[in-house]
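Me: Got a minute to go through this one with me? I'd like to talk about packing and cysteines.

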Amino acid sequence: MIAHFQYLRSQQRWLLILLLILTSLLTLMPTMRLLIEALQGWQLGSASPMMQVLQQPATWRALWHSLYTSGLGTLIAVVLGCLFAFTLTLTNIRGKSLLVFCFMLPMMIPPQVTALSWLQLTGPGSPLLNTLGIAPALGSPQPLYSAEGIALLLGIQHAPLVFLALRSSLIHLPRDLIEVARISGARQHKIWIDMILPLSRNGLIAGASIAFVSALGNFGIPAMLGIPASYYVLPTLIYQKMSGFGTSVLPEIASLSVLIGVLALMGVMLQQQMLKRSRFSLLGHSGRSQDFVLGRWRLLLEIVLALVLVLILVAPLVALVTSSLVPAMGVHLNFTNLSFAAYQEMVGRQGVTLRAFSNSLLLAGGAALLLMLLATLLAYLMQSLPQRARSALTSMIEIPYALPGVVLAIACILLFAKPIPLLNLTLYGSLGIIFIAYLARFLSVSLKPIVASFSELDPSLEEAARISGASTLRRLVDILLPLIAPAVFAGGLLVFLTAVNELTVSALLWSAGKETLGVLIFNLDQSGDSILASAIAVLVVLMVAAIMLLLSLLAKHLPKGVIPWQN
């Protein structure tokens, strides 16, 4: 019996070693290859790629543009995120589920679709404004082709991140302390100012930091709004250099990528330092939202929230749909010229559409399925690791997700630009390189809900099976997997939802015949086919909304916290 247990332990140990090697290859190798390329020749002084990058005025200009748009976008995200987090978590507002769903939708819509919908909403060529008769005069500038336009859409895109982080802090407020303050006669506004705001600042700091780092690495919005105005941030500067000069400038591009990575890392470190200074312990019962009675102000606040959602979500989507139904840009829509020609062209005649849908579904579906398996095994084996080793492994897995997508794309190009040794297999220019990048980037997304589900299980269930002599695989398949299956499925759906419209990584990795949906929409808009791009974008939004609705319907069968927009 002892020998049998030792054999089982040995099996588990070898499985853990194999998973650690695979995880290291996915997460550490691309980053290390990027650093090596960026730092090579540092001893040569001004001739090194890093020094050449730092000596170029375009680098410092793009750096300032990145900091300005990301900072202003973060401020907008904080304002919107705080408005919805405080009101939907702490008040007796009505229709909370619908409001949360609508507010979270912009985060799930691809950035390039967000940018395209707003471009169709504003400017003299807007079909919606022309239909309403309020379009600016022909020749008027497009207001979104500016730093402030980029910042506005970055703020809208990442406001849900602030909402999620802040809501987590608000849910865990000590209800006892707030009730004591109420009993003592404190007015509601005093409770908000003196108790709730100070106690929730950790969530606010975390949300602002995540929004800033996400805005810093965002490619879709600055590309759609900045490139036409020659306003470059660091990700679009890398794209421009890569598109214009090809792989000959990889050392220089690697240096730019490291610069973005350093900025993102500085943002995370600043967040950790601020959280450390404001760390405190909360005593009392939590885990339940407060219901502050708004009285006569409730209807007014509900109207304000509805108007905000109309402005940031409904109006751009209506403009997007309108643009897909007109025969040409600048033409107003009516029953006589309403046309589905764009849909017929893209779905029925253009082979690139079917190819892009197939590539995106194949890549996103394959990544979701493989990561479901890998994350399940990894989360199971992580339970037996010491806390320090578990934290180190988690940090390693989160590196590709925390870094801007353009940095990961450049790292993969450097890693796979040459055929793989021994195998003589070339991945550069194939769907394989995009697939590997997706695996590295979204492993963290798939892993988190499964780890949360494992933490809720009673360890005695597996221990009883272990004593009975069940192997590791038998215990996992027959006992644990049925219990964590909802979390595994939800993690896979989140990966699919995120990857199917991805652009930041695939914009630099795609090649002819290997287009994804995000790349297709971006290329159509850049080539001036905005109506065709709008038609594809509408189909993408419908797909995203359907998947989010499916996840919402499954929420009652899933562990708490698995679905981000559900309590």
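Reply: Sure, here are some notes on helix pairs, one residue and the cysteines, bearing in mind that this is a predicted model.

Me: Let's start with helix 4 and helix 14. At what angle do they cross?

Reply: Roughly 30°, with the axes coming within 10 Å. Helix 4 covers residues 96-108 and helix 14 covers residues 297-325. Angles under 35 degrees count as roughly parallel, so helix 4 is roughly parallel to helix 14.

Me: And which residues make the contact?

Reply: From helix 4 it's L99, C102, F103, L105 and P106, and from helix 14 it's L305, L309, I312 and L313. By class that gives nine nonpolar residues, with no polar and no charged ones.

Me: What's the handedness there, left or right?

Reply: Helix 4 and helix 14 make a left-handed crossing.

Me: OK, now helix 17 and helix 19. How far apart are their axes?

Reply: The axes are 7 Å apart, and the packing angle is about 125°. Helix 17 spans residues 387-402, helix 19 residues 431-455. That angle makes helix 17 oblique to helix 19. The crossing of this pair is left-handed.

Me: Which side chains are involved, and how do they split by class?

Reply: Helix 17 brings I397, E398, P400 and Y401. Helix 19 brings A440, R441, F442, L443, S444, V445, L447 and K448. The split is eight nonpolar, one polar and three charged residues.

Me: Switching topic: where does I238 sit?

Reply: I238 is in helix 12, which runs over residues 234-245.

Me: Buried or exposed?

Reply: Its relative accessible area is 0%, and buried means under 20%, so I238 is buried.

Me: What does I238 touch, leaving out residues up to four places away in sequence?

Reply: I238 touches I253, L256, S257, I260, V406, I410 and L508. Take L256 from that list: L256 is 18 residues from I238 in sequence, and their C-alpha atoms are 7.0 Å apart.

Me: Last topic, cysteines. How many disulfides does the structure hold?

Reply: Zero. A disulfide would need a pair of cysteine sulfur atoms within 2.5 Å.

Me: What about C82 and C412, buried or exposed?

Reply: C82 has a relative accessible area of 14%, so C82 is buried. C412 also counts as buried, at 1% relative accessibility.

Technical notes:
Residues numbered from 1 in each chain as written. Predicted model: local features only at pLDDT ≥ 70, side-chain atom pairs only at ≥ 80, totals over all residues. Heavy atoms only, no water. Buried < 20%, exposed > 50% of the residue type's maximum accessible area, 1.4 Å probe, protein only. Axes fitted to C-alpha atoms, helices over the stretch in contact; angles between N-to-C directions. Helix = DSSP H or I, 4+ residues; strand = E, 2+ residues; numbered from the N terminus. Parallel < 35°, antiparallel > 145°, perpendicular 65-115°, else oblique. Left-handed = near helix turned anticlockwise from the far one by under 90°. Contact = heavy atoms within 4.5 Å. Nonpolar A, V, L, I, M, F, W, Y, C, P; charged D, E, K, R; others polar.
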